[in-house]
Amino acid sequence: MSTEPIPLGEALASFDTPWSPRIVTRVNDYDVRIAKAEGEHVWHVHDHTDEFFLVLDGELHISLREPDGERTVLLPRGAVFTVPRGTEHKPHAPSGAAFLMFEPTGTPTLGDRHDGTAQSVHSTTGQPLNT
């Protein structure tokens with residue numbers, strides 16, 4: 001990991017692939033990842049960890065399947081949201097978005113359980129940032 005500041009704008013400009021997070025740094029046993037989004041992700045769940053989102057650009061929608069039914073939260077630029085562990089969710093960005101995630105190192109992007117894999121979604125535990 002870098003020992004120098006990392007400008008997030010430059011980091012985001014270093015890749016184009018949507019739904020393919022890049023690890024910008026680590027904090028203890030957690031990855032700080034950035035990603036671009038366009039279109040739909042897949043329904044998935046992280047059984048053992050919450051998932052934190054901070055929208056850096058655009059608008060991210062996160063659909064949630066909760067005990068009281070399904071709902072969608074809309075996250076504009078600058079908004080944060082945490083999906084609680086064990087909650088089935090599906091991020092999507094109809095007009096594109098960029099966001100930062102904070103999750104334990106090794107957390108798979110498709111969660112512990114997921115619906116079929118969309119071709120536009122990479123199954124990864126994050127890729128190193130190449131700036």
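**Aromatic contacts and strand pairing**

Me: In this predicted model, does Tyr-30 count as buried, partly exposed or exposed at 35% relative accessibility?
Reply: The class of buried residues ends at 20% relative accessible area and that of exposed residues begins over 50%. Because the relative accessibility of Tyr-30 is 35%, the residue counts as partly exposed.

Me: How many aromatic pairs does a search of the whole structure find, and are the rings of Tyr-30 and Phe-102 stacked or tilted?
Reply: The search, which covers the whole structure, returns three aromatic pairs. For Tyr-30 and Phe-102 the ring centres are 5.0 Å apart and the planes lie at 5°, and since planes under 30 degrees apart count as stacked, the pair is classed from these values as stacked.

Me: How many residues apart are Tyr-30 and Phe-102?
Reply: Tyr-30 belongs to strand β2 (residues 30-40), while Phe-102 belongs to strand β8 (residues 88-104). The pair therefore links distant parts of the chain, and the separation of its two members is 72 residues.

Me: Which residue forms a nonpolar surface patch together with Tyr-30 and Phe-102?
Reply: Phe-102 is partly exposed because its relative accessibility is 31%, and a third residue, in strand β1 (residues 22-27), is likewise partly exposed at 37%. Together with Tyr-30 these residues have about 230 Å² of accessible area, and the third member of the patch is Val-27.

Me: What is the relative accessibility of Phe-102, and how far apart are the ring centres of Phe-53 and Phe-99?
Reply: Phe-102 counts as partly exposed because its relative accessibility is 31%. The planes of Phe-53 and Phe-99 are at 50°, so that pair is tilted, with a distance between ring centres of 5.6 Å.

Me: How many residues apart in sequence are the parts that Phe-53 and Phe-99 tie together, and which residue joins them in one aromatic cluster?
Reply: Phe-53 lies in strand β4 (residues 51-58) and Phe-99 in β8, so their pair ties together parts that are 46 residues apart in sequence. Both residues are buried, and the cluster that they form has as its other member Trp-19.

Me: How many bridges join β4 to β8?
Reply: β4 pairs with strand β7 (residues 80-83) in the antiparallel sense over four bridges, and Glu-51 has Val-83 as its bridge partner there. β4 and β8 also run antiparallel, with Gly-58 opposite Ala-97, and the number of bridges joining β4 to β8 is six.

Me: Which charged residue lies over the face of Trp-43?
Reply: Lys-36 lies over the face of Phe-15, at 5.2 Å from the ring centre. In the case of Trp-43, the distance to the ring centre is 3.7 Å, and the residue lying over the face is Arg-65.

Note on methods. Residues are numbered from 1 along each chain as its sequence is written. This is a predicted model: local features need pLDDT of at least 70, side-chain atom pairs count only at pLDDT 80 or more; totals for chains, interfaces and linings use all residues. Side-chain values use heavy atoms; hydrogens and water are left out. Rings of Phe, Tyr and Trp (its six-membered ring) pair if their centres lie within 6.5 Å; planes under 30 degrees apart count as stacked, over 60 as edge-to-face and the rest as tilted. Buried means under 20% relative accessible area, exposed over 50%, partly exposed in between (1.4 Å probe, protein chains only). A charge sits over a ring if NZ of Lys or CZ of Arg is within 6 Å of the ring centre and within 35 degrees of the ring normal. Two strands pair if DSSP finds at least two bridges between them. Patches are made of residues with over 30% relative accessible area and no salt bridge: like charges are joined within 9 Å, nonpolar side chains (Val, Leu, Ile, Met, Phe, Trp, Tyr) within 5 Å. Accessible areas come from the Shrake-Rupley method with a 1.4 Å probe; for residues, only the protein chains shown count as cover. A salt bridge is a side-chain nitrogen of Lys or Arg within 4 Å of a carboxyl oxygen of Asp or Glu.
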